[in-house]
Amino acid sequence: MTATAPAHTSDDVMLPYRVTTRTPQTADTVTLTLAPVHDAAQPYRAGQFMMLYHYGIGEVAISISGDPTETGGRLHHTIRAVGTVSAALCATEIGGVIGVRGPFGTDWDLASARGRDLVVVGGGVGLAPLRPVVLTALRHRDEFGRVVVIAGARTPADRLYSDEQTGWIAGEIELHNTVDRPTRGWTGQVGFVTEPLARLRLDPARTTAYLCGPEPMLRFCAQTLRRKGFAATDIRVSLERNMQCAVARCGHCQLGPLLLCRDGPIVDYATAEPLLAVREL
């Protein structure tokens with residue numbers, strides 16, 4: 001499965017958006033809510049990304065972490081400060097203006113998973129692109145079967161959306177938090193996300209899996225699911241490479257035969273398996 005990206009008619013137009021809320025998630029990660037200053041971007045689908053521009057500094061690709069059915073043209077982006085541009089975006093205060101292009105890329109193709117069970121596995125900030133899957137499942141809970149979320153983090157303090165998780169559980173979502181390095185007071189699971197995933201009893205014939213995180217995590221989780229009997233086409237992964245233009249012109253995000261800004265970032269594991277061995281230069 002490689003979901004179809006939208007036809008772009010205004011991909012070079014930078015739209016101004018204003019920061020309306022700024023929610024710290026961890027010591028280096030914040031969620032920004034953006035509202036259009038004038039015109040809004042086109043509607044997006046769960047899993048797509050935007051190019052966010054901090055005026056005078058630069059542009060970077062950031063996945064959308066909000067609910068695709070939200071009205072008003074608002075966008076939600078959970079951003080980790082790992083470079084000059086992302087750090088500047090994270091530091092933007094309420095009222096600040098950010099440039100926005102998009103949406104771009106393929107999506108999680110949730111429509112094809114209606115009536116099926118869902119397994120969502122996010123490692124670290126990889127949970128952010130998966131949050132639209134969780135929010136969609138909550139909003140349309142009767143359209144999906146069992147929904148399992150496995151969220152991994154380095155430490156308890158690095159967990160994303162901890163303030164939302166009570167609501168996820170109340171919405172009949174089975175939640176497994178696990179951390180690499182526990183701190184005092186942590187009573188949850190310890191270890192990599194593959195460990196609770198391996199313990200789950202799943203029906204591979206009626207389950208779709210969604211994976212996002214570091215590439216080693218994607219490989220090990222996909223292999224765990226394959227051993228459980230999952231078809232590679234029922235495992236969807238989000239691939240990350242250096243995206244600069246977002247419109248398949250510059251070639252920086254090429255991975256084998258794919259340009260991930262156009263043909264990704266989300267593909268099925270049948271497509272991803274031979275490509276995950278390619279090292280980013």
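1. Two strands count as paired if DSSP finds at least two bridges between them. The model considered in this note is predicted. In it, strands β1 (residues 15–24) and β2 (residues 29–36) meet that condition, being joined in the antiparallel sense over 7 bridges. Thr21 has Thr33, in β2, as its bridge partner.

2. The wider setting is an open sheet of 6 strands, arranged in the order β4-β3-β6-β1-β2-β5 with antiparallel pairing. The edges are occupied by β4 (58–63) and β5 (75–80); each has a single partner strand, so one side of each lacks a neighbour in the sheet. On average, and with direction ignored, neighbouring strands of this sheet are turned by 40° against each other.

3. Helix α1 (residues 84–91) packs on this sheet. The strands that α1 touches are β1, β2, β3 (49–54), β4, β5 and β6 (97–104). The direction of α1 makes about 125° with that of β5.

4. A second helix, α2, covers residues 127–139 and has 13 residues. From its first C-alpha to its last, α2 reaches 18 Å, which is close to the 18 Å expected at 1.5 Å a residue.

5. Is α2 enclosed or open to its surroundings? Of its 13 residues, 11 are buried, so α2 is largely enclosed by the rest of the structure. Among the buried residues are Leu127, Pro129, Leu130, Arg131, Val133 and Leu135. The buried residues of α2 pack against two strands of the sheet described above, β4 and β5. They also pack against β7 (117–123), β8 (147–153), α3 (165–170) and β11 (207–212).

6. Aromatic contacts deserve a separate remark. A pair of aromatic rings is described by the distance of the centres and the angle of the planes. The structure holds 4 aromatic pairs. In one of them, the ring centres of Phe49 and Phe104 are 5.7 Å apart and the planes stand at 40°, so the pair is tilted. Phe49 lies in strand β3 and Phe104 in strand β6, and the pair links distant parts of the chain, 55 residues apart. Both Phe49 and Phe104 are buried.

7. Tyr161 and Trp168 form another tilted aromatic pair, with 6.4 Å from centre to centre and 50° between the planes. Both of these residues, Tyr161 and Trp168, are buried. Which residue places its charged end over the ring of Tyr161? It is Arg131, whose charged end sits 5.1 Å from the centre of that ring. Arg131 is one of the buried residues of α2.

Methods
Residues are numbered from 1 along each chain as its sequence is written. This is a predicted model: local features need pLDDT of at least 70, side-chain atom pairs count only at pLDDT 80 or more; totals for chains, interfaces and linings use all residues. Side-chain values use heavy atoms; hydrogens and water are left out. Helices (H or I, at least four residues) and strands (E, at least two) are DSSP runs, numbered from the N terminus. Axes are lines fitted to C-alpha atoms, for helices over the stretch in contact, and angles run from 0 to 180 degrees between N-to-C directions. Contact means heavy atoms within 4.5 Å. The expected span of a helix is 1.5 Å times one less than its number of residues. Buried means under 20% relative accessible area, exposed over 50%, partly exposed in between (1.4 Å probe, protein chains only). Rings of Phe, Tyr and Trp (its six-membered ring) pair if their centres lie within 6.5 Å; planes under 30 degrees apart count as stacked, over 60 as edge-to-face and the rest as tilted. A charge sits over a ring if NZ of Lys or CZ of Arg is within 6 Å of the ring centre and within 35 degrees of the ring normal.
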